[in-house]
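The following exercises concern the empty spaces, surface and charged pairs of a single protein chain. Each task is followed by a solution that proceeds step by step.

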Amino acid sequence: MQFFKVIQWIVWKDLVSEIRNRENVSSMFFFALAVILIFSFSFSMDQAATKELMPGIIWVAFGFTGIIGLGKSFLPEVQNDCMEYLQMAPVSKGAIYLGKLFGNILFLLLAEIILFPLFILFFNLDILDKLPIILLIFLVATMGLSALGTLFSALTVQIRAREVMFPILLLPLAVPVFIGAVESTRGALNGDPLYLYLQWLELLAVFDLIFMIVSFWVFEFILDY
């Protein structure tokens, strides 16, 4: 039971901290808004072009917005001298990883749900009947990105060049997430039958599973590093 209480308290602490701080929320929102405005005023697209280009635009905005938030995931622990307490805490380090991971997933999903109506508004998307499958795609892609981001945020948070090292480590490994997310989002926006893009959702699910298990087991070594 202590294992799950640790996860619960870390998720609660991170969400309350983000809501009170608003630094990450503001920077992520304005970055995504800038991306949306730049693309919306740069292209004059009909519905066919919109469906073709929109998945890439959505995941450029979500991906780089997520990198901004994930890169700062462990920064409050360093600034408040809490990393040593996390290292010495008599609890499973895997529980700390899962708490940070679930907090990041909830935070990024919330940001995506707030930002997605802006895509509908600026690009005149007609997606009401496709919303459940699109939200499922957002969930599985965000889980994969958060699994990697949480791990590499812990790895780079105490080094001087963390703003440079974090995306250098994260982006190459996150390529399957972005490919799977873009292809499955394209299938959903085009209204294709699910079986035509189901393999991309399966790729995202397998990626999530592998990296969550690997990150759970190696997190103790990274935290003690």
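## Exercise 1. A buried acid and its partners

Asp 14 is buried, with a relative accessible area of 11%. The model is a predicted one.

**Task.** Determine which residues form salt bridges with Asp 14, and where the partners lie.

**Solution.**

Step 1. Classify Asp 14. The cut-off for a buried residue is a relative accessible area under 20%. Because its value is 11%, Asp 14 counts as buried.

Step 2. Identify the pairs. Lys 13 forms a salt bridge with Asp 14, with 2.7 Å between the closest N and O atoms. Asp 14 also meets the side chain of Lys 100 in a salt bridge, at 3.1 Å from N to O.

Step 3. Place the second pair in the chain. Asp 14 belongs to helix 1 and Lys 100 to helix 6, so that the pair links distant parts of the chain, 86 residues apart.

Step 4. Compare the surroundings. Lys 100 is buried, as is Asp 14. Lys 13, by contrast, is partly exposed at 33% relative accessibility.

Step 5. Combine the pairs. Lys 13, Asp 14 and Lys 100 are linked in a network of salt bridges.

## Exercise 2. The remaining salt bridge

**Task.** The structure holds three salt bridges. For the pair of Glu 183 and Arg 186, state how far apart the closest N and O atoms are, and explain the spacing of the two residues along their helix.

**Solution.**

Step 1. Give the distance. The closest N and O atoms of Glu 183 and Arg 186 are 3.3 Å apart.

Step 2. Explain the spacing. Both residues are in helix 8, and because they are three residues apart, about one helical turn separates them.

Step 3. Assess the exposure of the acid. Glu 183 has a relative accessible area of 30% and is therefore partly exposed.

## Exercise 3. The largest cavity

**Task.** Describe the volume of the largest cavity, its lining residues and the classes to which they belong.

**Solution.**

Step 1. Count and size. There are three cavities of 30 Å³ or more in the structure. The largest cavity contains about 130 Å³ of space.

Step 2. Find the residues at the centre. Of the 15 lining residues, Asp 14, Glu 18, Ser 73, Lys 100 and Asn 104 lie nearest the centre of the cavity. Two of these, Asp 14 and Lys 100, are the salt-bridged pair of Exercise 1.

Step 3. Assign the lining to elements. Helix 1, helix 4 (75-79) and helix 6 each contribute at least two residues. Helix 1 gives the most, with five.

Step 4. Sort by class. The lining comprises three nonpolar, six polar and six charged residues.

## Exercise 4. Two pockets

**Task.** Establish the volumes of the largest pocket and the second largest pocket, and determine which helix gives the most to each lining.

**Solution.**

Step 1. State the volumes. The largest pocket holds about 260 Å³ of space, and the second largest about 220 Å³.

Step 2. Examine the largest pocket. It is lined by 13 residues, with Val 25, Phe 107, Leu 110, Ala 111 and Ile 114 nearest its centre. Helix 1 (2-21), helix 2 (23-42) and helix 6 (93-123) are the elements that give two or more residues to this lining. The largest share, five residues, comes from helix 6. By class, the lining has ten nonpolar, one polar and two charged residues.

Step 3. Examine the second largest pocket. Its lining includes Phe 64, Ile 67, Ile 68, Arg 162, Glu 163 and Phe 166. Helix 3 (47-71) and helix 8 (162-189) each give two or more residues, and helix 8 gives the most, with five. Seven nonpolar, one polar and three charged residues make up this lining.

## Exercise 5. A nonpolar surface patch

**Task.** Identify which residues make the nonpolar surface patch and which helices supply them.

**Solution.**

Step 1. List the members. Leu 37, Phe 41, Leu 121 and Phe 122 make a nonpolar surface patch of about 430 Å².

Step 2. Assign the helices. At least two residues of the patch come from each of helix 2 and helix 6. Leu 37 is located in helix 2.

Step 3. Classify one member. Leu 37 counts as partly exposed because its relative accessibility is 30%.

Terms used. Residues are numbered from 1 along each chain as its sequence is written. This is a predicted model: local features need pLDDT of at least 70, side-chain atom pairs count only at pLDDT 80 or more; totals for chains, interfaces and linings use all residues. Side-chain values use heavy atoms; hydrogens and water are left out. On a 1 Å grid over the protein atoms alone, a cavity is a set of points where a 1.4 Å probe fits but cannot get out, and a pocket is an open set with protein on both sides within 12 Å along at least five of seven lines; lining residues have an atom within 4 Å of a point. Grid points are joined across faces, edges and corners, and a volume is the space filled by probe spheres set on the points. Helices (H or I, at least four residues) and strands (E, at least two) are DSSP runs, numbered from the N terminus. Ala, Val, Leu, Ile, Met, Phe, Trp, Tyr, Cys and Pro count as nonpolar, Asp, Glu, Lys and Arg as charged, and the others, Gly among them, as polar. Patches are made of residues with over 30% relative accessible area and no salt bridge: like charges are joined within 9 Å, nonpolar side chains (Val, Leu, Ile, Met, Phe, Trp, Tyr) within 5 Å. Accessible areas come from the Shrake-Rupley method with a 1.4 Å probe; for residues, only the protein chains shown count as cover. A salt bridge is a side-chain nitrogen of Lys or Arg within 4 Å of a carboxyl oxygen of Asp or Glu. Buried means under 20% relative accessible area, exposed over 50%, partly exposed in between (1.4 Å probe, protein chains only).
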